[in-house]
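Student: I should like to examine this model by setting its values against the definitions behind them. May we begin with the chains and then turn to the ligand?

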Amino acid sequence: MIRRAPVNLWIGGALVAMMTAIALLSLVWTPYDHTLLDIPAKFAAPSAEHWLGTDQLGRDVVSLLMAASVNSLTVAFVAVGLGGAIGTLLGLAASAWGGWVEAIVMRLVDLGFAFPALLFAIMLAAAFGPSLSNAILAIAFINIPVFARVARGAANQIWTRDFVLAGQAAGMGRAALTRDHILPNIAAPIIVQATIEFAVAILAEAALSYLGLGAQPPMPSWGRMLSEAQTLMYLAPELAIYPGLCIILAVLGFGLLGDGLRDVTDPRLARTRA
Amino acid sequence: MSALLDIQNVTRRYPRPRQRLLHRPEPLVALDNASLTLNAGETYGIVGESGSGKTTLARLVMGFEAPDNGRVLLGGEDLHALPEHILRQRRQTFQMVFQDPFGSLDPRRPVGWSVGQPLRATGQQPAPAQIAQTFERVGLSASDAERYPHEFSGGQRQRIAIARAIITKPRLLVADEAVSALDVSVRAQILNLLLDLQDEFGLAMLFVTHDLAVVANLCDHLLVLRNGRTVEQGPAQAILTNPQTDYTTMLLDAARVTPAGHSAPARTTT
Ligand SMILES: Nc1ncnc2c1ncn2[C@@H]1O[C@H](COP(=O)(O)OP(=O)(O)OP(=O)(O)O)[C@@H](O)[C@H]1O
Ligand SMILES: [Mg+2]
């Protein structure tokens, strides 16, 4: 049963691997300290010392971009992890117990899908107040309905399988059946969704930081770099292009990876071991 | 002494999807006023064509769903009136073997895990020796417990499913088309295994099948269903030798003309 790995999986995987490697590297090494101001060297053109030049305060752009990638990935990881875990649990509970549990969860899901996710995150972050942790909470929040819906749909399918009935016949309760049979068997669609939501979260973090609702100075962030560069568009347009490109590549990378994973974990192919 | 299993006038309806806006269709009556009593050590065959309500009856007996009318008494207790936690304890005494031997085992778990499940459900930690013994009892080897469902043939998987069903030494075994997906030669082996276990434990069996040939020399009693209704019911020998309805005759003929080497194609697992 050999399946051709789709192109999107490879491109997405490569982009994500590259970005992760750069983020990890930046924890131990960047060409310069990204907080180091060198006003006389501001707006330096790309050179051997500063590969992508320096910004309006003379900071090394490559170092800034590298440090900012950590911020993007961390925010996405925490927000998708938190929102994904809560959403998955809610979806599993809705599927297992039905009735009013399901009714409440589904109303929440409806609410989540009533607004565009990004707009909703901006509304929430604005309501919570500008800080990175509030931005993370807002992004986590928009993930809850997404995962609740995916988990419930996938779980509903597994509940109809004979091995779950067999577990019920064995005397297992709903919570134990969910833990032993449902959750392990919905892991694939959850992971696929998480990868796709990673892309959304990176975009959302960039948007919130751009609006001043996310990362606060001096924390480096692609979104804030973009908004700072915006005022200097006529002076140094490349300062806006670099973080913009980073955002696009990161979003594209996770988006393609998620798509590719979805293709290879086609649920119609009975898979064997976890 | 009350019967082990006493099904009293059970009816199960399923709502049909609405076709027109202001018209609520009559519900589908999957099982209509069915009754039977089954004692320890006996086998009751439930036969009928596809859609006749056989699986519905099995699901009611297993407590997977509740009847709209009527009662299912197990050891004198109304199964569907028991509180959840009591019902879960009682489940040790009635077990089921499913039709699709692949679908009834979680593909992500070693089969020994699945066989130990009924013990774990009541908080016992299944001893490896007990799992091994049960595997050997159904004709498998103790080392098979470590392996995964996809490593076994259909017949072996059904043995594993039977091992899971008997590990708690139940008093009632519900077998819903338990051999239909198997080759004829394997089918005989599995039927023999079930009969041996019945002798050994005094198991009562509710044996569901669309194929009268399978049950002919297995059952003490027969219930013949059609569209949820009881068509004929009574001692198996009497019905098989002297069917009272054309429908039963038709089922009998269908069983006879089926060549011995022919079997239903194994269901592809999804
Ligand atoms: N969950 C359900 N919802 C709606 N209708 C159902 C449901 N389960 C069964 N039915 C219907 O009830 C009737 C009886 O179904 P049942 O599965 O008991 O038949 P069966 O005798 O087991 O058939 P088969 O030999 O094909 O397995 C069928 O018409 C079926 O479509
Ligand atoms: Mg059936």
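Student: In which loop of chain A does A:P218 lie?

Tutor: The structure is a predicted model. A:P218 is found in the loop between α7 (174-210) and α8 (222-230) of chain A.

Student: What makes the bond that joins A:P217 and A:P218 a cis peptide bond?

Tutor: The value of omega is about 5 degrees, and the bond is accordingly given as cis.

Student: How many helices and how many strands are there in chain A?

Tutor: Chain A has nine helices and zero strands. Read from the N terminus, its elements run α-α-α-α-α-α-α-α-α. Along the principal axes, the C-alpha atoms of chain A fill a box of roughly 75 × 45 × 30 Å.

Student: How do you know that β1 and β2 of chain B are paired strands?

Tutor: Two strands pair if DSSP finds at least two bridges between them. Seven bridges join β1 (residues 5-14) to β2 in chain B, so the criterion of at least two is met. These two strands run antiparallel. As an example, B:V10 has B:A34 in β2(B) as its bridge partner.

Student: Why is one side of β2 and of β5 in chain B left without a neighbour in the sheet?

Tutor: The open sheet of four strands has the order β2-β1-β4-β5 in chain B, with antiparallel pairing. There, β2 and β5 (77-78) of chain B stand at the edges with a single partner strand each, so one side of each has no neighbour in the sheet. On this sheet packs α1(B), which touches β1, β2 and β4 (69-74) of chain B. The direction of α1(B) makes about 120 degrees with that of β1(B).

Student: What is notable about phi of B:N9?

Tutor: Phi of B:N9 is near 50 degrees, a positive value in a residue other than glycine. B:N9 belongs to strand β1 of chain B.

Student: What is the pairing in the open sheet of six strands?

Tutor: The pairing is mixed, and the order is β6-β7-β8-β3-β9-β10 in chain B. Its edge strands, β6 (94-97) and β10 (229-235) of chain B, pair on one side only. Neighbouring strands of this sheet are turned by 15 degrees against each other on average, direction ignored. Within chain B, five bridges join β3 (residues 43-48) to β8 (residues 204-209), and these strands run parallel. Opposite B:V47 stands B:T209 in β8(B).

Student: Which residues are around ligand 1?

Tutor: Among them are B:Y14, B:L28, B:A30, B:K54 and B:E177. The shell divides into three nonpolar, six polar and three charged residues.

Student: What makes the approach of B:T55 to ligand 1 a polar contact?

Tutor: A polar contact is a pair of N or O atoms within 3.5 Å. An N or O atom in the side chain of B:T55 is 2.7 Å from an oxygen atom of ligand 1, so the pair qualifies. Backbone atoms give further pairs: a polar one of B:G51 is 2.8 Å from a ligand 1 oxygen, and an N or O atom of B:G53 lies 3.0 Å from an oxygen of ligand 1. Of the 630 Å² of accessible area that ligand 1 has on its own, the protein covers 59%.

Student: Which elements give two or more residues to the shell around ligand 1?

Tutor: They are β2 (28-38) and α1 (54-61) of chain B. The largest share, three residues, comes from α1(B).

Notes. Residues numbered from 1 in each chain as written. Chains lettered and ligands numbered in written order. Predicted model: local features only at pLDDT ≥ 70, side-chain atom pairs only at ≥ 80, totals over all residues. Heavy atoms only, no water. Near = heavy atom within 4 Å. Polar contact = N/O pair within 3.5 Å; in protein donor to acceptor, adjacent residues only side chain to side chain. Areas by Shrake-Rupley, 256 points an atom, 1.4 Å probe, with all protein chains shown as cover. Nonpolar A, V, L, I, M, F, W, Y, C, P; charged D, E, K, R; others polar. Contact = heavy atoms within 4.5 Å. Axes fitted to C-alpha atoms, helices over the stretch in contact; angles between N-to-C directions.
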